Structures are given as structure tokens and as C-alpha cells.
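Colleague: I would like to learn how to read a model of this kind, one feature at a time. Where should we begin?

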Amino acid sequence: MGARHPASLLLFGALLLAAGPRPLRAQNRVSGNGSGPRTTVAEATGLVPLTLIVNDESGRLLPARASVTGSDGRACPNGADATLLSHAPRGGCFYVNGTATVSVPPGATTITVAHGFEYTPLRQVVEVAGDTTLTVTLARLVDLPAQGWFGGDLHAHARHLPYDYSLSPAQARDVARAEGLSILELLDEAWQFSGAPHPVSDANTI
């Protein structure tokens, strides 16, 4: 973690995680609308598409980590998906790079969306009857970079056998963005190692 006293930020993060995602409030908005009737491949198998769009308070797309539990109690997607970056055998969570679509069974669907420690997590149950698009707005709890703090993970792996699929440097960067990390240190021996920030880095994510 960043400047001054790393333990303080770690404790703050642990307390926020212990509190768990907060229920929907005025500053956290979920809006949904089902599009007109149409049949998709997913619907032919009893599933319907659910599209998530995640914004910050300014209306800008916000990378995020999401989990979706269908009306059957199963995670969606329920296994490895190289596009959504979910994992086998039971899914559990995936990443939304601003927008993402998963297939769910109709009925009460539990959606949890989070973006690091600086935004209030959101959890909401939505009735899904057909092709549905949900727009989620996450409220910022605190602006740590403005106070000189920058979140980082100094021990992560993009390629650590066994893995379900290959992860590109750009995908690793997208995961860091979704988790609210400014620095992601990948310890994968010689893979992509140059001794300097990878070229996919930018001013906000190294």
C-alpha cells in the first residue's frame, strides 16, 4: 500500500470487508429495463441475458468486480469464462470492464458489485423475466489518492499453474482497475518480466 502507514489502510479495508456490501441506498442506484421480446440462444436453453453497466457518480463507466447468483442458487457464469475472467468450478465472481453480459435463469437474481475499498459495495435482488439491462452507480466512500494513498497488491499471479485460461497483461491491468489498485506486482518468474512497468501501464495503473 501507498504512503505513510500501510497498516492503517489495511485495517480500514478489513473493516469495510467485514461490514460486507451495503444494501441499496439513495446514493447507490440500480435501474433496469427489459428490452422488447426477442429470442436468444440463451433463452432457448431456459436462460436469459442480463447486462450490467457500472458507472461512478459522474456517470463514467467504472471497472468493477461482480457476482451474480441466479434464482436456482448457482453462480452465473458457473465456471471458467476467459472473457468475463470467472473461474471453475463454481464461478463466484467475474469482472465488468464498464459493461458485461451473463446468462441467468428467470426469477430473483442476486447481484453484488464492488470496486476496491474506496467505493461502497452494492448488493441488490432483481426480478429478471427476460432480456434485462441494469445500470449500477457506485458511490465513492473516500478519495485516498487525494490524500496521498495508493492501493497496491505486491504479490499476485497471472500465470500460476493450474489455471483455467491464459491471462494477458492487458487483462491483468483490467483486473487491477476493477479492484481499485494503482499498482499490481505480478510474480510470474520470467513471464513478461522487463524490470520496469509493462507497456500496458498508464498514469493510473502500473
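Modeller: Begin with burial: a residue counts as buried when its relative accessible area is under 20%, as exposed when the area is over 50%, and as partly exposed in between. Keep in mind that this is a predicted model.

Colleague: With that cut-off, is T109 buried or exposed?

Modeller: T109 has a relative accessible area of 0%, so T109 is buried. T109 sits in strand β7, which covers residues 107-114.

Colleague: Which residues is T109 in contact with, beyond its neighbours within four places in sequence?

Modeller: Contact here means heavy atoms within 4.5 Å. With those neighbours left aside, T109 is in contact with L50, V68, T69, V104, Q124, V125, V126 and V128. There is also a polar feature within the strand: a polar atom of the T109 side chain lies 3.1 Å from the backbone oxygen of G107.

Colleague: T112 is found in β7 too. Why does T112 count as buried?

Modeller: The relative accessible area of T112 is 13%, and therefore T112 is buried. The T112 side chain makes a polar contact, at 3.2 Å, with the side chain of R123. For a distance across the fold, take T112 and Q124: they are 12 residues apart in sequence, and their C-alpha atoms are 6.6 Å apart in space.

Colleague: How many helices and strands does the protein have?

Modeller: The protein has 3 helices and 11 strands. Their order along the sequence is α-β-β-α-β-β-β-β-β-β-β-β-α-β.

Colleague: Which residues of helix α3 are buried?

Modeller: Helix α3 spans residues 169-178, and its buried residues are P169, A172, D174, V175, A176 and A178. Strands β4 (63-69), β5 (94-97), β7 and β11 are among what covers them. After α3 comes G180, with a positive phi near 70°.

Colleague: What about S182, in the loop between α3 and β11?

Modeller: S182 has a relative accessible area of 16%, so this loop residue is buried. Not counting residues up to four places away in sequence, S182 touches F150, G151, N204, T205 and I206.

Colleague: Why is I183 called partly exposed?

Modeller: I183 has a relative accessible area of 34%, which means that I183 is partly exposed. I183 belongs to strand β11 (residues 183-186). Together with L154 and I206, I183 makes a nonpolar surface patch of about 270 Å². I206 thus appears in two places, in this patch and among the residues that S182 touches.

Colleague: What do the totals for the protein say?

Modeller: Of its 206 residues, 38% count as buried. The accessible surface comes to about 11,200 Å², and carbon and sulfur atoms account for 56% of that. Among contacts between residues at least 6 apart in sequence, 69% join residues at least 24 apart.

Colleague: Where is the predictor's confidence low?

Modeller: Confidence is read from pLDDT, on a scale from 0 to 100. The protein averages 83, and 78% of the residues score at least 70. Over residues 1-19 the pLDDT is below 50, and this stretch has 24 contacts in the model beyond near neighbours in sequence. For residues 34-39 the pLDDT also stays under 50, and the model has 5 contacts for them beyond four places in sequence.

Methods: Residues are numbered from 1 along each chain as its sequence is written. This is a predicted model: local features need pLDDT of at least 70, side-chain atom pairs count only at pLDDT 80 or more; totals for chains, interfaces and linings use all residues. Side-chain values use heavy atoms; hydrogens and water are left out. pLDDT is the predictor's confidence in each residue, from 0 to 100. Patches are made of residues with over 30% relative accessible area and no salt bridge: like charges are joined within 9 Å, nonpolar side chains (Val, Leu, Ile, Met, Phe, Trp, Tyr) within 5 Å. Accessible areas come from the Shrake-Rupley method with a 1.4 Å probe; for residues, only the protein chains shown count as cover. A salt bridge is a side-chain nitrogen of Lys or Arg within 4 Å of a carboxyl oxygen of Asp or Glu. Helices (H or I, at least four residues) and strands (E, at least two) are DSSP runs, numbered from the N terminus. Buried means under 20% relative accessible area, exposed over 50%, partly exposed in between (1.4 Å probe, protein chains only). A polar contact is a pair of N or O atoms within 3.5 Å; within protein, one must be able to donate a hydrogen and the other to accept it, and residues adjacent in sequence count only if both atoms are side-chain atoms.
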